[in-house]
Amino acid sequence: MPFAQLGLEAELLRAIAAQGYARPTPIQAQAVPVVLQGRDVLAGAQTGTGKTAAFALPILQLFSRRPRTQGKAGAPRALVLTPTRELAAQVGASIDTYGAHLDLRCTVVFGGVNINPQKSALQRGVDILVATPGRLLDHAAQRSVDLSGIEILVLDEADRMLDMGFIHDIRKVLALLPGRRQNLLFSATYTKDIRRLADTLLHQPALIEVARRSAAAESVDQCVYRVRKDAKRDFLIHLIEAGQWHQVLVFTRTKHGANRLAQQLVRAGIQAAAIHGNKSQSARTAALADFKRGSVRVLVATDIAARGLDIDRLPHVVNYELPNVPEHYVHRIGRTGRAGQAGSAVSLVGDDENKLLEDIRRLLKKDIPVLPVPSFKPKVLAAQPERKPHAPRQPDPTQGHGRPRSRSSGEPRTEEVPGPKRNSRPRNRPRRAAGNSR
Ligand code: AMP
């Protein structure tokens, strides 16, 4: 079905065509007409399915045609809540892209950066506000945002927001919104908590389920190598070099493990950087930009840090260690093979991880092929970094330069547990140039 059949107007179709999208993804085909009708939606869709456009396109269309129904001029009409700053920035960028030919403004606010530019942006007037919950509440407390005009609320990746402990903040935000509004809830999983939230939030929602979580990324070629813990590093280096992998996202379970592995890869002559919750926002943004650009070949990440990352056509994901929570496996491999592109997800599984592998298989309801480990000659690591570590903005690419957050950066081998990100360091998305009317 072409996009035109979804009833979208010419300005949106033009922006979609400029993105090279040939046809709507399943979530878009189902959600766009329903949102345009003004209905509440409960959508089961994980990242990579095109869910952002599924809510952004109809919201843009509704607002471009419909005069505001409540609130003061300049107050936001739609609020999109996201769990992470990265996702907020991506959603904001997507809305800007899809709305490029419409006279609507989008602003992104998240914590950890100077609040004043955000206040100025809000003061100038905004139609769609994308926010992380903590900073939004800061704005509300300082009366720099007026939420009385919200006509549409989107909870994006609601399950992750709950995982990260945002339920209280979400409830506080809900209390600030007008009662009459359209609610869209997007979640990759349907936990009991999500169902409870949906029950209190949604009014006769349209239920949309695209890819069951267990159907995770059908286009991802998954395999397992049985590798002893102490042999994983050498084998990973072998995989990267023998396979000539140029862009690999590697997951470790701990921040410490992410740092150490990135350092070892650098010592093996492979440009690598680590991102995790102890990194400053600027370090994370820089590492991600370098990875997307190709100057960093391997990005080593913890689960939390990788949330919301949108890297187009990421070819390889490696589970250096399996996650403790099987759903995280699905999130991890969802980073590759996005929007129908082929991708590979390789898991290095040690003897101590059998139970975790079993849990993942049970969740996926399928086996993951176990491939024989080929013989290879381990590479000798340089004692010191062979090349100057790739770090345009900091001396060591694997070490964050920001202030450590609540968990100390020296803390060894702690699991990176989800928690509210109130004092994290997000950054405001650059505004479009002055003079552009959006
Ligand atoms: P999302 O699930 O919203 O994070 O989107 C995942 C990726 O799919 C993004 O890089 C989008 O640019 C891309 N995308 C969204 N809609 C389409 C479409 N209809 N056709 C092809 N790619 C798309």
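Trainee: In what order do the seven strands of the open sheet that includes β8 stand?
Mentor: This is a predicted model, in which local features need pLDDT of at least 70 and side-chain atom pairs count only at pLDDT 80 or more, while totals for chains, interfaces and linings use all residues. Residues are numbered from 1 along each chain as its sequence is written, and side-chain values use heavy atoms, with hydrogens and water left out. Strands (E, at least two residues) and helices (H or I, at least four) are DSSP runs numbered from the N terminus, and two strands pair if DSSP finds at least two bridges between them. The pairing in this sheet is parallel, and the order of its strands is β10-β11-β9-β12-β13-β8-β14.

Trainee: Which are the edge strands of that sheet?
Mentor: An edge strand here pairs on one side only. The two strands in that position are β10 (272-275) and β14 (370-371).

Trainee: Which residue in β11 does Phe251 stand opposite?
Mentor: Strands β9 (residues 248-251) and β11 (residues 298-301) run parallel and are joined by four bridges. Opposite Phe251 in β11 stands Ala301.

Trainee: What angle does the direction of helix α15 make with that of β8?
Mentor: Helix α15 (residues 354-364) packs on the sheet, with contacts (heavy atoms within 4.5 Å) to β8 (220-226), β13 (343-349) and β14. Axes are lines fitted to C-alpha atoms, for helices over the stretch in contact, and angles between N-to-C directions run from 0 to 180 degrees. On that scale, the direction of α15 makes with that of β8 an angle of about 155 degrees.

Trainee: What is the average twist from one strand to the next in the open sheet of β1 to β7?
Mentor: The order of the seven strands is β3-β4-β2-β5-β6-β1-β7, again with parallel pairing. Because β3 (106-109) and β7 (206-209) each have a single partner strand, one side of each is left without a neighbour in the sheet. From one strand to the next, the twist averages 15 degrees.

Trainee: At what angle to β6 does α3 run?
Mentor: Strand β6 (residues 182-187) is parallel to β5 (residues 152-155) and linked to β5 by four bridges. Helix α3 lies across both of these strands, as well as β2 (78-81) and β4 (128-131). Relative to β6, α3 runs at about 165 degrees.

Trainee: How many residues of the contact of α3 with α4 are nonpolar?
Mentor: Helices α3 (residues 51-65) and α4 (residues 85-98) pack at about 45 degrees, with their axes 10 Å apart. Thr52, Ala53, Phe55, Ala56, Leu57 and Leu60 in α3 meet Val91, Ser94, Ile95 and Tyr98 in α4. Ala, Val, Leu, Ile, Met, Phe, Trp, Tyr, Cys and Pro count as nonpolar, Asp, Glu, Lys and Arg as charged, and the others, Gly among them, as polar. The contact of α3 with α4 thus includes no charged residue and two polar ones, and its nonpolar residues number eight.

Trainee: How is α5 placed relative to α6, oblique or perpendicular?
Mentor: The axes of α5 (residues 115-124) and α6 (residues 133-141) come within 12 Å and cross at roughly 70 degrees. Angles under 35 degrees count as roughly parallel, over 145 as roughly antiparallel, 65 to 115 as roughly perpendicular and the rest as oblique. The crossing angle therefore makes α5, relative to α6, roughly perpendicular.

Trainee: Over which residues does pLDDT stay under 50?
Mentor: pLDDT is the predictor's confidence in each residue, from 0 to 100. The chain has a mean of 83, and 82% of its residues reach 70 or more. The stretch under 50, for which the model has 135 contacts beyond four places in sequence, covers residues 391-438.
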